[in-house]
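Q: I have a structure here that I haven't looked at before. Can you walk me through it?

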Amino acid sequence: YYVCAIAQNTAGTRFGTVQSFSTTATPIVTTGSATLVTGTTATLNGTANPRGSAGTGWFRYSSTSPGTCNDTFGTRVSVTGATLGSGTTAVAYSEPITSLAPGVTYYFCALASNAVGITPGALSTFTTPSAPIVTTSAATSLLGAAATYNVSANPNRAAPTGYIRNATTNP
């Protein structure tokens, strides 16, 4: 905002110097993607512009969708919040979470606050990988000591390692 004083009388009008000031507003928040997702852990990422007022950022997550991001659903991490400073540019922050269940879709969002109030980011999701699904079918092309093994695996969102074991006795 810009402001200046103006005074007027019968002798004329005078203008004071122009002064400017800015008001603060709630932070601008962006929910990032979850990274380093495993069957039981993930790292939540976000950014927030504290808009000139000392800000704090945190996340909320749950396996149940809240519909939209708010500061009451699921679990809050970090309890104390990440310090965002009082600048006017976006600051990245992240928080690792643990004790997740494999094969579950989680809903999460970034939130931030400053002296004016709290702003939620958009709701996002990630799914933890579960154990692979393995299928062993009957061997084919049986010729003497040779056979073709028929197997398949679905890695379920995790980098797989596969191998075949054989023996002359039933394990």
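Q: Let's start with one residue. Is Leu36 buried or exposed?
A: This is a predicted model. In it, Leu36 counts as exposed, because its relative accessibility is 66% and the cut-off for exposed is over 50%.

Q: Where is Leu36 found?
A: Leu36 is in the loop that runs between strand S5 (28–31) and strand S6 (42–49).

Q: What about its backbone, what is the phi of Leu36?
A: Leu36 is not a glycine, yet its phi is positive, about 50°. Most residues other than glycine have a negative phi.

Q: Which loop holds Arg51?
A: Arg51 sits in the loop between S6 and strand S7 (55–62). Arg51 also has a positive phi, about 55°, without being a glycine. With a relative accessible area of 34%, Arg51 is partly exposed.

Q: Back to the backbone. Which residues does a cis peptide bond join?
A: Val77 and Ser78, with omega at about -15°. Ser78 belongs to strand S8 (residues 75–85). Most peptide bonds are trans.

Q: Let's zoom out. How many helices and strands are there?
A: The protein chain has 0 helices and 14 strands. Read along the sequence, the pattern is therefore β repeated, with no helix in between.

Q: And the overall dimensions, what box do the C-alpha atoms fill?
A: Roughly 120 × 30 × 25 Å, along the principal axes. The radius of gyration of the protein chain is 29 Å, whereas a compact globule of 171 residues would have one near 16 Å.

Q: How much of the chain is buried?
A: Of the 171 residues, 26% count as buried. The accessible surface comes to about 11,000 Å², and carbon and sulfur atoms make up 54% of that.

Q: What share of the contacts is between residues 24 or more positions apart?
A: They account for 60% of the contacts in the protein chain with a separation of 6 or more.

Q: New topic, pockets. How much space lies in the largest pocket?
A: About 450 Å³. It is lined by 20 residues, and the closest to its centre are Val134, Thr136, Val151, Tyr163 and Ile164.

Q: Which elements give two or more residues to that lining?
A: Strand S13 (133–143) and strand S14 (146–154). The largest share comes from S14, with 6 residues.

Q: And how do the residues of the lining divide?
A: There are 12 nonpolar, 7 polar and 1 charged in the lining of the largest pocket.

Methods: Residues are numbered from 1 along each chain as its sequence is written. This is a predicted model: local features need pLDDT of at least 70, side-chain atom pairs count only at pLDDT 80 or more; totals for chains, interfaces and linings use all residues. Side-chain values use heavy atoms; hydrogens and water are left out. Helices (H or I, at least four residues) and strands (E, at least two) are DSSP runs, numbered from the N terminus. The radius of gyration is taken over C-alpha atoms; the globule rule is 2.2 Å times the number of residues to the power 0.38. Buried means under 20% relative accessible area, exposed over 50%, partly exposed in between (1.4 Å probe, protein chains only). Contact means heavy atoms within 4.5 Å. Accessible areas come from the Shrake-Rupley method with a 1.4 Å probe; for residues, only the protein chains shown count as cover. On a 1 Å grid over the protein atoms alone, a cavity is a set of points where a 1.4 Å probe fits but cannot get out, and a pocket is an open set with protein on both sides within 12 Å along at least five of seven lines; lining residues have an atom within 4 Å of a point. Grid points are joined across faces, edges and corners, and a volume is the space filled by probe spheres set on the points. Ala, Val, Leu, Ile, Met, Phe, Trp, Tyr, Cys and Pro count as nonpolar, Asp, Glu, Lys and Arg as charged, and the others, Gly among them, as polar.
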